[in-house]
Amino acid sequence: MSVIKRVRDMTVATLNDRLEKSEDPVRVIDQFLWSTHQEITQSEGLARQYAAHTDNLHRQWRDAEQWMTKREQQALTALKAGEEDVAKLALQEKVIHEERAERYRQLYEQSRNELTDLEQLLQELRNEYRSVYDRRQFYVARMESLRLQQRLNARYTPGNPDTSQMFRKIDDRLTDIELETRSLRDLRRMGQETLMQAGELVKTTIERELEQLKRKLQQGG
């Protein structure tokens, strides 16, 4: 019993340390739960054996006491009948059964105490199993929360621009295109006006040249 208890205390004492060093606490807890389940199963089997043995010792003790009482009654009956030798024989067997009853009583009480200790240890193992299992469920829920948080953070990383920013860029690009188109149109309009101005200048020059030629003809004539 003390060896089992010492092993359990050592296992529990190192569980937290293993959890702190592990990147996967659920895996460590599952290993611990499996080990504890094995110990519970073994302890339950041992408790059944202890219970059966304790019951047998109790029966042996009670049986010896019954024989002790029976031989004492027989000794009284023999004395009443004047058969002292028969009474001595009965008392002799009574003493034997009394000693036997005392030995079985001591064995029974020892076994009963050990059974009580074992049942207490078994209950501690079951409570410990439930406590660690609840802890496991908490870790599973916590890891799921972290996983969802990571997905949420990934959704809003620089690699995933939001919709408003995307449309703002599109608007800026369209504005640039509109400005380019307007600039080209203005350039074309300016070109046409320049040609028209050039045409008027040429026309004026031609008219001036024509007038000069006319004057020369008049003078030469």
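Author: Helices (H or I, at least four residues) and strands (E, at least two) are DSSP runs, numbered from the N terminus. This is a predicted model: local features need pLDDT of at least 70, side-chain atom pairs count only at pLDDT 80 or more, and totals for chains, interfaces and linings use all residues. Numbering runs from 1 along each chain as its sequence is written, and side-chain values use heavy atoms, without hydrogens and water.

Reader: Which helix holds Lys94?

Author: Leave out residues up to four places away in sequence, and Lys94 touches Met68, Arg71 and Glu72 (contact: heavy atoms within 4.5 Å). The place of Lys94 itself is in helix α3.

Reader: Is Lys94 buried or exposed?

Author: Buried means under 20% relative accessible area, exposed over 50%, partly exposed in between (1.4 Å probe, protein chains only). Lys94 has 17% relative accessibility, so the residue counts as buried.

Reader: Which helix supplies the largest share of the largest nonpolar core?

Author: That core (buried Ala, Val, Leu, Ile, Met, Phe, Trp, Tyr and Cys joined through side-chain atoms within 4.5 Å) has eight residues: Leu15, Val26, Val28, Ile29, Phe32, Leu33, Val132 and Tyr139. Both α2 (25-80) and α3 (84-155) supply at least two residues each. The largest share, five residues, comes from α2.

Reader: How many residues are in the second core?

Author: This core is separate. Leu57, Trp61, Ala64 and Tyr108 are among its members, and its count is five residues.

Reader: What span does α2 reach from its first C-alpha to its last?

Author: α2 has 56 residues. The expected span, 1.5 Å times one less than the number of residues, is 82 Å. The model comes close to that, at 81 Å.

Reader: Which residue just after α2 takes a positive phi?

Author: Look just past the end of α2. The phi there is about 80 degrees, and the residue is Gly82.
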